[in-house]
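This report describes how two protein chains meet, then turns to selected side chains and salt bridges. Please keep the sequence and the structure at hand while reading.

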Amino acid sequence: MTLRIHSDHARFRSIVKGRVRENLRRFIVQGDLVAQHGRKKVAIPLKEIRLPKFEYSWEDQPQAGQGEGKEGDVLGTGKPGEGEGAGEAGDQPGEHALEVELTLEELAQILGEELELPRIQPRGQKVLTSYTGRFTGIRRTGPESLVHFKRTFKAALRRTISSGEYNAGDPLVVPVREDKRYRARKEVLLPQSAAAILYMMDVSGSMGEEQKEIVRIEAFWIDLWLRSHYKNLQIRYITHDAEAREVDRDTFFKSMESGGTLISSAYALASDMIKKDYPPDDWNLYLFHFSDGDNWSDEDSAHCVDLMNQRLLPAANLFAYGQVKSAYGSGAFYPILEKAFPEQENVALSKIDDKEHILDSIREFLGKGR
Amino acid sequence: MRHPDAQALRRLSFIPFPEELVQVKREFMAYARKQGLDPGEIVFDFLSPSQISEAASYDGFPGRYPHWRFGMAFDQLDKSRSWGLSTIYEMVVNNQPAYAYLLEGSTPVVVRMVMAHVLGHCDFFRHNAFFLGTNRNMLNEMANHAARVKRYQNRHGFERVERFLDTCLSLENLVDPNLLFWRAREKESSGAPRDDAAKQAEPRFSSTYLTSYYRTARTPSAAAKERKAEPESPPLKAFPERPLRGVLDFLVDQAPLEDWERDILEIVREEAYYFLPQRLTKIMNEGWAVFWHTRIMVAKGLRPSELVEYSDENSKIIAAWPGRLNPYRLGYFLFEDIRDRWDKGRHGPEWETCQDRARRERWDTRERHGMEKVFEVRSAFDDAQLLDAFLTPEFVIKSRLFTFRLNPRQGAYVLESREFQKVKSTLLAHLTNGGEPVLEVVDANHANRSELLLRHLHDGVDLKVGEARQTLHALHHVWRRPVNLQTVFQGQPKTYTFDGSRDTEQ
């Protein structure tokens, strides 16, 4: 049912989205939206939106209440925003936080607007059947509620003329059962592009909690953006130290190894997965690799560049390497890639020094529009 | 007779008002009139839950002007409704006829209870002194406001009009409750032709501002007395000659606005004065409605089998809310207390001075004026006056009233006191002037450069300084010259100024 309030509500929502956009950097740095991973909607705490007024500041004033208890009893905690315990004759002092719910699509849109991200042009189309909701087809059977009057009448007219019943002087046309035409839903083949993200991360000893947190936050926003472009999105995770293995999401962000680092192991595993599951003609492939830039040897780094050139880059829409700064990492891998792929279209490199840089890094990765 | 807008409102609802409830309404009305109530004409209508949320977001007027804050109210109301945190059973619109929305799907007992409750509200709207001046054709008036705002949006741009509305709404609480009575008088006199002598006695001013000045100047108020005592009386030709409490009225008359802007400010003022009596009489109004729905239901509204359900529903209404004051409960029990005291003659000097506890407990002069008294109170008082006159130490003890405050060290609200004086003064502090600070226009030509000077009549509670500064920005947007606010902050006299680009304070 349409209510008049819906237009005012929509206006309010757009004001809220504006606020979210203004505060996007803060939300990203705090990372508290990431905790809601896996839900269809995210709840975003905003400062209450209100018009300023000349008002008493009641907070530190006594108020009246009613009920049991004796002097000195605690009635409720005074965290602002809960409005608990406070209030007088229907009045509710105290700062009220406003919790707004946005769908992931809305959030992605805000991210795109704020970072001025170009929309992605999907590559390779996997054709999938999907039904459109439109009643554009015609059938000879169906419910009476879907009778197509004009077509039915035409059919009846045609029948009466061809059978000679039609009398131009008394043009009475009565449709019979066989004349009835019904609207029907038409099945339409719609191309739907499929995409896969392969996340790779260095979990060797030099990657600490802080570095992983950065990766976790960044991955949330990357997922969000890509999900808004591809209905069919698969995400897989690879961790590596000296050897690589595929893991589930939880393990990916939590596991902690010691030991050395062979980046090529991850790249080799990724290329095997691509070969097996993601033929490039059908899939839009996104490869994200995060590490602190440490690698076992220069030979291995050279091997990585080879693997990328021969196997990863031809298959991928985008290969993104994010180098998270850590106290122990040498950061040597970044310049190697920078040198090897100075002008490569589908390679994005980014240095993420701290949480503040996540937003810029997302822009560097996704700003290519691939 | 149906309201002209009834047709439009009818469209809201898909359920015709059932015949059996028409019968209930007739019976309730007859009974209520016999008891001395005068609810006037009421149109009942059922709304779906989300329609009720919509109506509540618009303060009962589905045709209000477009503004996002109604959308925000809806967001919160409808969310809390769909999560099952709150249910709005009823809304009444103070109009002639009154409109009452009932919640579709309520049980028959609840519907009847709400109808009885509504009779109480409608009687109150018609007979409480603070409501005498309200526009009884507000449904149409609001629709008219909406049409004007939409026209300005089309002509001057949606965002520009919205921004100006935001500005005006920041100032909407700067109204003068005393003017309610002048409005009532004006309404009365405009209705009936006045005799010539009365006409002669009224000074005639051409400017609307002077008329409102004239009204205020003759309004006896504590502020006026205080003003007389002030040594530095304003210099000659001060403007306004005496401080004016109706800041909003002053701005409508005097601010250098474009026509459409003045009209929007006027709309905001009209609506502020329409809602002001409801803000001032929340406890009275709800108390009166509960007082009567209990009586009507017990007398006319229940089959014996429904008694338990009714009692259950009723107890939800008058339950003590944890840590928050329930105006339904407080108002209802105060009215019952008044009735009881005036039935038993528990008032007057003899009662007040009687210290003998046993005698007080047995006290009954068989005066039996309780009902008369409650009707008198409903006609003449607002919340602050009600509590000032009728809150007794016995009542405070009996209804377990207390004061509480934030203890910053514990970060928690702590029960502070159950002492009568403390409870009473706390209640009054929150209810006087509807809980809003009192500001007045002191000088419209401050520093001889047409700056605006407002004064906050500080009564012990500071203003929120951050908010006040933001509000000064809004005020500047309307006045277009530097604006100043005199107040007291943390014991120090302060003047906050906004000159259009910079905030300063002295």
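Which side chain is joined to that of B:Glu451 by a polar contact of 3.1 Å? The partner is the side chain of B:Asn484. The model is predicted, and the values below are computed from it.

**The surroundings of B:Glu451**

B:Glu451 belongs to strand E7 of chain B, which covers residues 451-456. The relative accessibility of B:Glu451 is 8%, so the residue counts as buried, the cut-off being under 20%. Apart from neighbours within four places in sequence, B:Glu451 is in contact with B:Asp443, B:Ala444, B:Asn445 and B:His446, and also with B:Trp479, B:Pro482 and B:Asn484. B:Asn484 thus appears in the contact list of B:Glu451 and is also the partner in the polar contact described above.

**The interface between chain A and chain B**

In the contact between the two chains, 53 residues of chain A meet 80 residues of chain B. The chains bury about 6200 Å² between them, and 57% of this area is on carbon and sulfur atoms. On the side of chain A, the most area is lost to chain B by A:Phe54, A:Tyr56 and A:Gln66, which together make up 17% of what that side buries.

Polar and charged pairs also cross the interface. There are 30 residue pairs in polar contact between chain A and chain B, counting pairs with both residues at pLDDT 80 or more. Four elements of chain A each give two or more residues to the side that touches chain B: helix H1 (5-22), strand E2 (63-66), strand E3 (74-77) and strand E4 (97-103). H1(A) supplies the largest share, eight residues. By residue class, the side of chain A that touches chain B divides into 19 nonpolar, 17 polar and 17 charged residues.

Five salt bridges are counted between chain A and chain B. A:Lys53 and B:Glu172 meet through their side chains in a salt bridge, at 3.0 Å from N to O. A network of salt bridges links A:Glu48, A:Arg50 and A:Glu55 with B:Lys464 and B:Glu467.

Strand pairing also joins the chains. E2(A) pairs with strand E4 of chain B (residues 401-407) in the antiparallel sense, over four bridges. Within this pairing, A:Gln63 has B:Phe404 in E4(B) as its bridge partner.

**Salt bridges within chain B**

Over all chains, the count comes to 55 salt bridges. Three that lie within chain B are listed here.

| Acidic residue | Basic residue | N to O distance |
|---|---|---|
| B:Asp75 | B:Lys79 | 3.2 Å |
| B:Glu258 | B:Arg160 | 3.7 Å |
| B:Asp364 | B:Arg368 | 3.4 Å |

B:Asp75 and B:Lys79 are both in helix H4 of chain B (residues 68-82), four residues apart, which is about one turn of the helix. Both B:Asp75 and B:Lys79 are buried.

The salt bridge of B:Arg160 with B:Glu258 links distant parts of the chain, the two residues being 98 residues apart. B:Arg160 is in helix H7 (residues 158-170) of chain B, whereas B:Glu258 is in the loop between helix H12 (247-254) and helix H13 (259-280) of chain B. Are these two residues buried, exposed or partly exposed? B:Arg160 has a relative accessibility of 38% and therefore counts as partly exposed. B:Glu258 is also partly exposed, because its relative accessible area is 37%.

In the pair of B:Asp364 and B:Arg368, B:Asp364 has a relative accessible area of 30% and is partly exposed. B:Arg368, at 42% relative accessibility, likewise counts as partly exposed.

**B:Arg148**

B:Arg148 is placed in helix H6 of chain B, residues 138-156. Its relative accessible area is 15%, so B:Arg148 is buried. When residues up to four places away in sequence are not counted, B:Arg148 touches B:Glu141, B:Asp263 and B:Ile267.

**Chain A as a whole**

Chain A has 370 residues, of which 48% count as buried. The chain contains ten helices and 14 strands. For contacts in chain A between residues at least 6 apart in sequence, 79% join residues at least 24 apart.

How values were computed
Residues numbered from 1 in each chain as written. Chains lettered and ligands numbered in written order. Predicted model: local features only at pLDDT ≥ 70, side-chain atom pairs only at ≥ 80, totals over all residues. Heavy atoms only, no water. Contact = heavy atoms within 4.5 Å. Buried area = accessible area lost by both parts, 1.4 Å probe. Salt bridge = Lys/Arg side-chain N within 4 Å of Asp/Glu carboxyl O. Polar contact = N/O pair within 3.5 Å; in protein donor to acceptor, adjacent residues only side chain to side chain. Nonpolar A, V, L, I, M, F, W, Y, C, P; charged D, E, K, R; others polar. Pairing = 2+ DSSP bridges. Buried < 20%, exposed > 50% of the residue type's maximum accessible area, 1.4 Å probe, protein only.
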